[in-house]
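Reader: I would like a close look at a single part of this model, namely the surroundings of the ligand. Please take the residues there one step at a time, and then relate them to the rest of the chain.

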Amino acid sequence: DRMSKDAQAEFETCGECAARLHHWVEQHKKYTSEGKCAEYIPALRYANQEALGVCIIGYDGEIIKGGEADIVFTMQSISKVISFMTVCMARGISYTLERTDVEPTGDPYNSIMRLELKKPARPFNPMINAGAITVASFLPGGTKEEKFAALLDTLEKLLGRRPTVNEKVYTSEKKTAHYNFALAHFLKAGGYLECEVEDAIEIYLKQCAIEVTVEDLAKIGLVLACDGFHPLTNKRLLPLEIARLTKAVMLTCGMYNASGKFAAFVGAPSKSGVSGGIMTAVPPRQHKATPFHNGCGIGVYSPAIDEAGNSAAGVKLLQHISTKWELSVF
Ligand code: DON
């Protein structure tokens with residue numbers, strides 16, 4: 001048997017997955033003290049520093065939650081996944097990849113350095129801010145309103161509802177978005193924006209301020225886990241090759257300069273945001289005895305983030321669940 005000792009033990013004791021999850025959340029709350037709420041976006045600093053919530057949705061629609069699972073928070077960088085998929089669907093994969101590569105950087109998410117080091121300065125990947133601002137500008141539509149609506153259309157398909165923007169988070173970030181404006185000006189100068197700098201930043205910051213719950217993130221994660229197919233409605237929501245490409249980018253770049261360690265110790269395509277959310281897609285696995293072996297989506301929220309910008313307790317909790325339930329794709 002190829003199952004690890006940990007997973008074997010878990011299988012033998014896992015009568016009640018929801019109870020287990022609840023227990024693990026309680027055990028991992030202490031790690032919230034290893035992070036700090038993002039302060040550079042003024043509205044984020046008022047989040048409850050000690051909160052930790054999780055939701056897992058499986059292939060058959062089974063859903064379990066733990067901790068503070070009802071908190072509404074903004075997507076922040078998790079929205080980069082949605083805009084990337086939207087641009088790939090509207091304009092094609094090769095068109096999109098001509099404008100942003102899919103190579104990890106090992107740099108912080110807002111780094112400007114590489115836009116100067118290489119000419120032409122094509123952003124390294126769509127998960128760092130430079131790539132995401134470029135992608136936002138290439139959303140389909142002739143105006144910023146149409147472009148943003150295109151992104152909401154994708155989210156509406158995935159969530160079954162049209163999400164809204166937290167205007168307070170949006171305006172508070174816009175006032176302090178100096179790095180992002182600087183990135184956008186470099187990108188504009190290099191020919192990597194389809195619209196004006198102001199519009200690209202408005203679309204990008206609005207997408208970051210879209211409100212979701214851990215259940216929403218789990219839903220999207222599940223569709224990605226199932227290669228773009230929604231197992232509950234039997235509908236294909238994303239083309240297979242775009243779902244696959246997106247998962248590869250999430251695995252290699254989704255947790256910023258901690259993506260390598262996350263791949264090593266959690267091993268499932270994931271995307272984090274500075275508000276403390278993490279969206280994970282767990283593809284089907286071989287170990288038929290472990291829970292959710294047909295694949296699942298996971299949403300985690302805990303607003304205290306580490307130096308890389310990832311939820312401190314969220315990463316620890318995912319690592320624990322992954323070890324116990326064999327979530328790694330490797
Ligand atoms: O542009 C920013 O800085 C934020 N709106 C989003 C960055 C982010 O979520 C990075 N994540 N960990």
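Author: What follows starts at the ligand and then turns to the core and to some backbone details. The model is a predicted one, and in it the residues around the ligand are Gln 76, Ser 77, Tyr 109, Asn 110, Asn 129, Glu 173, Asn 180, Cys 208, Ser 272, Gly 273, Val 274 and Gly 309. Sorted by class, this shell holds eight polar residues, three nonpolar ones and one charged residue, and at least three of its residues come from each of domain 1 (5–71 + 213–325) and domain 2 (78–208).

Gln 76, one of the residues around the ligand, sits in the loop between β3 (73–74) and α3 (79–91), and its phi is near 50°, a positive value in a residue that is not glycine. Gln 76 counts as buried because 27 C-beta neighbours lie inside 10 Å, where 20 or more are needed.

The two domains also share the largest nonpolar core, which has 99 residues, with Val 54, Ile 56, Ile 133, Ala 200 and Tyr 204 making the most contacts inside it. Helix α11 (residues 214–225) gives the most to this core, with eight residues. Since domain 1 and domain 2 both give residues to the core, it lies between them. Leaving aside residues up to four places away in sequence, Ala 200 touches Ile 133, Ala 136, Ser 137, Ala 184, Leu 193 and Cys 195.

As for other backbone details, Tyr 256, in the loop between α12 (240–253) and α13 (259–265), has a positive phi of about 55°, while a cis peptide bond, with omega about -5°, joins Lys 119 and Pro 120.

Key: Residues are numbered from 1 along each chain as its sequence is written. This is a predicted model: local features need pLDDT of at least 70, side-chain atom pairs count only at pLDDT 80 or more; totals for chains, interfaces and linings use all residues. A nonpolar core is a set of buried Ala, Val, Leu, Ile, Met, Phe, Trp, Tyr and Cys residues joined through C-beta atoms within 7 Å. A residue is buried if 20 or more other C-beta atoms lie within 10 Å of its own, exposed if 12 or fewer, and partly exposed in between; C-beta atoms are placed from the backbone. Helices (H or I, at least four residues) and strands (E, at least two) are DSSP runs, numbered from the N terminus. Domain bounds come from an automatic or database domain assignment. Two residues are in contact if their C-beta atoms, placed from the backbone, lie within 7 Å. A residue is near a molecule or strand if its C-beta atom, placed from the backbone, lies within 6 Å of it. Ala, Val, Leu, Ile, Met, Phe, Trp, Tyr, Cys and Pro count as nonpolar, Asp, Glu, Lys and Arg as charged, and the others, Gly among them, as polar.
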